[in-house]
Amino acid sequence: DRPFSSYSSSRGGWNFKLYFKSLIIPFIFFMIFGFVETAINGSNGTYHFSLLFLIITLISVPLQCIAEEYVYRGLIMQTFGSWFKIPILAIILQSIIFALSHGYNSLGNIEIFFSGLVMGFLAWKANGIEVSSAFHTANNLSLSLLIMFGLQSTSTNVQLTDLVIAVIFDVVLCIIIYYV
């Protein structure tokens, strides 16, 4: 019983300037992190670059991430928030659902849960999903590019060290984005 634009933000619509401004910092940090990780662990992927693949990636990844943000931080988190009037509870509940909807092992689901907490916090503090969408897009786009160029590979089996590093990185990046 409310306009669709209210799921984007409390400002009543999608703020493209905020989204693109919020995309730059996390994308740079995710790419640097990926290159450092590759330098330490070595390249473990297979080169898959093609111009068509790059174009499809640059279009589909942001659309997919924004769609997920509308579902988890737009619809689910706002619905829980309207029921409980406790923002942290809404953030935790949507993070649980977000984690369970991904097909990782238990450590991977914990990693996704923490990412959901970070994105939920960013959406709550920004009064909209543009910043969380930018964070989500930066994460998925940087990983897609690193995989495309054969620098990394993807797996649903997350190790404990990967989990700890990812959680610390997400929290530090969240703090940076919050203050910038």
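In which loop is Lys 85 found? Lys 85 sits in the loop between α2 and α3, the helix that spans residues 87-100. Keep in mind as we go that the model you are looking at is predicted. Lys 85 makes a good starting point, since its phi is positive, about 60°, although Lys 85 is not a glycine. Is Lys 85 buried or exposed? With a relative accessibility of 64%, Lys 85 counts as exposed, because the cut-off for that word is over 50%.

Now move along the chain to Asn 127, in the loop between α4 and α5. Asn 127 is another residue other than glycine with a positive phi, here near 60°. Its relative accessible area is 46%, so Asn 127 is described as partly exposed.

Let's go from the loops to the interior. The largest nonpolar core has 30 residues, and Leu 122 and Phe 135 are the ones that touch the most other members. Helices α1, α2, α3, α4, α5 and α6 each give two or more residues to this core. To get a feel for the packing, pick out Leu 122 and set aside its neighbours within four places in sequence. What is Leu 122 in contact with then? The list is Gly 128, Val 131, Ser 132, Phe 135, Cys 174 and Ile 177. There is also a second, separate core of six residues, with Leu 54, Cys 65, Leu 141 and Leu 145 among them.

Next, look for the empty space. Rolling a probe the size of a water molecule over the atoms reveals where such space is left. The largest pocket holds about 1,200 Å³. It is lined by 42 residues, and those closest to its centre are Glu 111, Asn 139, Leu 143, Gln 152 and Thr 154. Five helices give two or more residues to this lining: α1 (16-41), α2 (51-84), α4 (106-126), α5 (130-148) and α6 (160-179). Which of the elements gives the most? That is α5, with nine residues. Sorted by class, the lining of the largest pocket has 21 polar, 16 nonpolar and five charged residues.

The second largest pocket has a volume of about 250 Å³. Among the residues that line it you will find Leu 18, Lys 21, Ile 25, Lys 125, Tyr 178 and Val 180. Leu 122, which we met in the largest nonpolar core, also lines this second pocket, and so do Val 131 and Ile 177, two of the contacts of Leu 122. Helices α1, α4 and α6 each give two or more residues to the lining of the second largest pocket, and the largest share, five residues, comes from α1. By class, this lining divides into nine nonpolar, one polar and two charged residues.

Finally, turn to the charges. Side chains of opposite charge can pair when their charged atoms come close. How many salt bridges does the structure hold? There is one, and it joins the side chains of Arg 73 and Glu 69, with a distance of 2.7 Å from N to O. Both residues belong to helix α2, where they lie four residues apart, about one turn of the helix. Are Arg 73 and Glu 69 buried or exposed? Both are buried, whereas Lys 85, where our tour began, is exposed.

Terms used:
Residues numbered from 1 in each chain as written. Predicted model: local features only at pLDDT ≥ 70, side-chain atom pairs only at ≥ 80, totals over all residues. Heavy atoms only, no water. 1 Å grid on protein atoms, 1.4 Å probe; cavity = no way out; pocket = protein on both sides within 12 Å on 5 of 7 lines; lining within 4 Å. Points joined across faces, edges and corners; volume = space filled by probe spheres on them. Nonpolar A, V, L, I, M, F, W, Y, C, P; charged D, E, K, R; others polar. Salt bridge = Lys/Arg side-chain N within 4 Å of Asp/Glu carboxyl O. Buried < 20%, exposed > 50% of the residue type's maximum accessible area, 1.4 Å probe, protein only. Core = buried A, V, L, I, M, F, W, Y, C linked by side-chain atoms within 4.5 Å. Contact = heavy atoms within 4.5 Å.
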